Amino acid sequence: MKLLASIRWQFILWAARRLPPCCHVAHRLSDSLQERPSLRERIVLKSHLFVCEWCTRYAAQLTLVQKAVRNRETAVDHGLAPRQLLSDEARERFRRALKAQSE
Amino acid sequence: MSQTVDNSDGHTPSSKGDLDPERWIQEHGDYLFDLAFLRLHDRSAAEDAVQETFLGALKARPGFQGRAAERTWLVAILKRKIVDHLRRRFREAAPEADEQLPDDHLEGFQSDGEWVGHWFPRRGPVDWTDNPLALLEKKEFWEILESCLAKLPPRMASVFALYEIDEMPSEEICKELGISPTNLWVLLHRARHRLRACLESNWLGAGKPGPK
């Protein structure tokens, strides 16, 4: 069992040295949320993700962050997310400005 | 509080009696402020944008087809004010320092040594949960996300909100804010990277070791 784990680890290190570093992959994973990468890029990304548990998690977490931010308004409506509130001073200022303009 | 219905096109001016600024502030004030704050990232700028929206609306004297239409109409005015404000901000303010940093200087990556550009051992992304969607049902998650959004640098936060929340096309963002597509993609990546790291360090990854 230890031998298998060691072989797996050596393979990961061997592959990691030949593939783009995690920071590059992280950037491309983020870009892929905007635009589908080319076939070549997809192969490189998949190869990296195959050996890198960290970047695999990173990819899933970026997607979750995007989903959360896009659903923030719904979460606010359901009382889950907090809403930023106007201060009393600002409300009063608005009242005065609107009154001045409507007169 | 009465509200007349103008069936012509929903945008033509009706009598001044339709307009009730006090009700606008009560019904839409917080909603509009929250919307502006998320995009402008500055309390005073967000308040100014909402005030200008109300004043602009009062001046335009619209006819309403109902309160839902009223809010949509106010939001449309506010979004234009926000883009105007951001256009000025992007032209006047210099790029934030970490926009210029190379990718391997971002939080979590090694910036030198044999494994430059790779995650630091034991500091790479940790396993958040087996059921990520269940996180979105938790109030605590949203509270932390909100505090993480507030920590983003202003330029990054604004571009991120326009792209992810308003789903404004990237060409339009670049044109309005005078930034290059590369710059836009860098800002979006940095915002996501920071948000993910912030969520992890403030809650989701607390106490969990990395995989390696």
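**Exercise 1. Determine how far apart the centres of domain 1 and domain 2 of chain B lie, and describe the side of domain 1 that touches domain 2.**

Solution. Taken over C-alpha atoms, the centres of domain 1 of chain B and domain 2 of chain B are separated by 28 Å. This value, like those that follow, is computed from a predicted model.

Step 1. Place the bounds: in chain B, domain 1 covers 16-92 and domain 2 covers 97-204.

Step 2. Take the contacts between them: ten residues of domain 1 of chain B meet eleven residues of domain 2 of chain B.

Step 3. Assign the domain 1 side to elements. At least two residues each come from α1 (21-40) and α3 (67-92) of chain B. The largest share is that of α3(B), with five residues.

Step 4. Sort that side by class: five residues are nonpolar, one is polar and four are charged.

**Exercise 2. Decide where the largest nonpolar core lies relative to the two domains of chain B.**

Solution. Step 1. Identify the core: the largest one holds 65 residues, and those with the most contacts inside it are A:Cys22, B:Ala36, B:Leu78 and B:Phe160.

Step 2. Ask which domains contribute. Both domain 1 (16-92) and domain 2 (97-204) of chain B give residues to this core, so the core lies between them.

Step 3. Inspect one of the residues with the most contacts in the core, B:Ala36. Leaving aside residues up to four places away in sequence, B:Ala36 touches B:Ala46, B:Ala49, B:Val50, B:Leu78 and B:Ile82.

Step 4. Set this beside a general tendency: nonpolar side chains tend to be buried together in soluble globular proteins.

**Exercise 3. Establish whether chain A is a compact globule or more spread out.**

Solution. Step 1. List the elements. Chain A has six helices and zero strands, and the order from the N terminus on is α-α-α-α-α-α.

Step 2. Compare the radius of gyration with the globule rule. For 103 residues the rule gives 13 Å, whereas the radius of gyration of chain A is 24 Å, well over that value; chain A is therefore more spread out than a compact globule.

Step 3. Add the dimensions: the C-alpha trace of chain A spans about 80 × 30 × 20 Å along its principal axes.

Step 4. Examine burial and contacts. Of the 103 residues of chain A, 28% count as buried. Among contacts in chain A with a separation of 6 or more, 59% join residues 24 or more positions apart.

**Exercise 4. Describe the side of chain A that touches chain B.**

Solution. Step 1. Count the residues: the contact takes 42 from chain A and 43 from chain B.

Step 2. Name the elements of chain A that give two or more residues: α2 (22-31), α4 (53-70), α5 (72-77) and α6 (88-102). The largest share, 13 residues, comes from α4(A).

Step 3. Sort the chain A side by class: 23 residues are nonpolar, ten are polar and nine are charged.

**Exercise 5. Locate B:Arg122 and B:Glu167 and classify each as buried or exposed.**

Solution. Step 1. Consider the backbone. B:Arg122, a residue other than glycine, has a positive phi near 65°. B:Glu167 is not a glycine either, and its phi is positive at about 50°.

Step 2. Locate both residues. B:Arg122 is found in the loop between α3 and α4 (132-135) of chain B, and B:Glu167 lies in the loop between α6 (154-165) and α7 (170-177) of chain B.

Step 3. Apply the cut-off: a residue is exposed if 12 or fewer other C-beta atoms lie within 10 Å of its own. B:Arg122 has 10 within 10 Å and is exposed. B:Glu167 has 8 C-beta neighbours inside 10 Å and therefore counts as exposed.

Terms used: Residues are numbered from 1 along each chain as its sequence is written. Chains are lettered from A and ligands numbered from 1 in the order in which they are written. This is a predicted model: local features need pLDDT of at least 70, side-chain atom pairs count only at pLDDT 80 or more; totals for chains, interfaces and linings use all residues. Helices (H or I, at least four residues) and strands (E, at least two) are DSSP runs, numbered from the N terminus. The radius of gyration is taken over C-alpha atoms; the globule rule is 2.2 Å times the number of residues to the power 0.38. A residue is buried if 20 or more other C-beta atoms lie within 10 Å of its own, exposed if 12 or fewer, and partly exposed in between; C-beta atoms are placed from the backbone. Two residues are in contact if their C-beta atoms, placed from the backbone, lie within 7 Å. Ala, Val, Leu, Ile, Met, Phe, Trp, Tyr, Cys and Pro count as nonpolar, Asp, Glu, Lys and Arg as charged, and the others, Gly among them, as polar. Domain bounds come from an automatic or database domain assignment. A nonpolar core is a set of buried Ala, Val, Leu, Ile, Met, Phe, Trp, Tyr and Cys residues joined through C-beta atoms within 7 Å.
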